[in-house]
Amino acid sequence: MSQEPVAGAPHPERLRITEIFHSIQGEADAVGWPTVFVRLTGCPLRCTWCDTTYSFHGGAWRTIDDIVAEVATYGARHVCVTGGEPLSQKRCLILLKRLCDAGYEVSLETSGALDVAPVDARVRKVVDLKAPGSGEFKRNRWANLDHLRPHDQVKFVLADRADYEWARGVVAEHRLAARCQVLFSPVHGSVGPRELAEWILADRLPVRLQMQLHKLLWGEEPGH
Ligand code: SF4
């Protein structure tokens, strides 16, 4: 016997969505590609430097069919599922699979606090490791490192020299550069990109410096 969903409760195969938009990928391996972003609502973390706090609340329930249909209208090859923390909604896994099945190059931006093991293997995962300056260091789910594939990326967002030194130690201890790409990104307005570049070069680190291209292009304007 099928049951009608309770009014206001999430219906199966629906996700709470903050926004869907078409822009240039500003980060990670697919940087520079025209990309459709699907931003899911909600995040259990509160990073001190978070630039998407507007995704914590609100949003609208949309069916996965409806989301996939809107993505198709932009005619892009790349789709990035982001948040908030997209994996805080379990049905995100269904969306990721549907997008892969439809032939897109799919990436997932995740905080690193939730289990990435069930994510479709075709998805390029961009997994944060939260440095002490984020205030969410204790949320790092270290077991996620065992589920990294060569096409995945680990991202460190660094607020100061102490964060950098912590990240440098983690890269060495877990031999991260041998497992996947490692991205170091400065917190906008806290660490100068040139300063971070010089630290990386001085230490001969096997990591990629990451600038937020969309911020160079559009600043803090929403929708990018
Ligand atoms: S995990 Fe991401 S969305 Fe959540 S608080 Fe941190 S930076 Fe913001």
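**Chatting about Gly-84 and its surroundings**

Biologist: Leaving out residues up to four places away in sequence, Gly-84 touches Thr-18, Arg-39, Leu-40, Thr-41, Gly-42, Cys-43, Thr-52, Ser-55 and Phe-56. Is Gly-84 buried or exposed?
Modeller: Keep in mind that this is a predicted model. Gly-84 sits in the loop between β4 (78-82) and α2 (92-101). A residue needs 20 or more other C-beta atoms within 10 Å to count as buried. Gly-84 has 28 of them, so the verdict is buried.

Biologist: And which residue is joined to Gly-84 by a cis peptide bond?
Modeller: Look at the omega angle, which is about 15° for this bond. The residue on the other side of the cis bond from Gly-84 is Gly-83.

Biologist: What is the largest C-alpha distance among the residues of the "binding site" annotation?
Modeller: The UniProt annotation, from an unreviewed entry, covers Trp-49, Cys-50, Asp-51 and Gly-84. They are spread over 36 residues of sequence, yet they cluster in space, with a largest C-alpha distance of 13.0 Å.

Biologist: Cys-50 is in that annotation too. How does Cys-50 count: buried, exposed or partly exposed?
Modeller: Cys-50 lies in the loop between β2 and β3. Buried takes 20 or more C-beta neighbours within 10 Å, and exposed takes 12 or fewer. Cys-50 has 18 inside 10 Å, so it counts as partly exposed.

Biologist: How many charged residues does the shell around the ligand have?
Modeller: Cys-50 and Gly-84 are both around the ligand, and so are others, including Arg-46, Glu-85 and Ser-111. Sorted by class, the shell has 4 nonpolar and 4 polar residues, and the charged ones number 2.

Biologist: Over to the strands. Over how many bridges do β1 and β2 pair?
Modeller: Strand β2 covers residues 34-40, and its pairing with β1 is antiparallel. One spot to look at is His-22, which stands opposite Val-36 in β2. The bridge count for β1 and β2 is 7.

Biologist: β1 pairs with β3 as well, in the antiparallel sense. Which residue in β3 is the bridge partner of Leu-15?
Modeller: β1 runs over residues 14-24 and β3 over residues 60-63, with 4 bridges between them. In β3, the partner of Leu-15 is Arg-62.

Biologist: One last puzzle: Ala-28 and Arg-175 have positive phi values, near 65° and near 45°. Is Arg-175 buried or exposed?
Modeller: Ala-28, in the loop between β1 and β2, is buried because 20 other C-beta atoms lie within 10 Å. Arg-175 is in the loop between α3 (161-173) and β8 (181-186). With 9 other C-beta atoms within 10 Å, Arg-175 is exposed.

Note on methods
Residues are numbered from 1 along each chain as its sequence is written. This is a predicted model: local features need pLDDT of at least 70, side-chain atom pairs count only at pLDDT 80 or more; totals for chains, interfaces and linings use all residues. Two strands pair if DSSP finds at least two bridges between them. Helices (H or I, at least four residues) and strands (E, at least two) are DSSP runs, numbered from the N terminus. A residue is near a molecule or strand if its C-beta atom, placed from the backbone, lies within 6 Å of it. Ala, Val, Leu, Ile, Met, Phe, Trp, Tyr, Cys and Pro count as nonpolar, Asp, Glu, Lys and Arg as charged, and the others, Gly among them, as polar. UniProt positions are given in the numbering used here, feature names are shortened, and annotations may be inferred rather than shown by experiment. Two residues are in contact if their C-beta atoms, placed from the backbone, lie within 7 Å.
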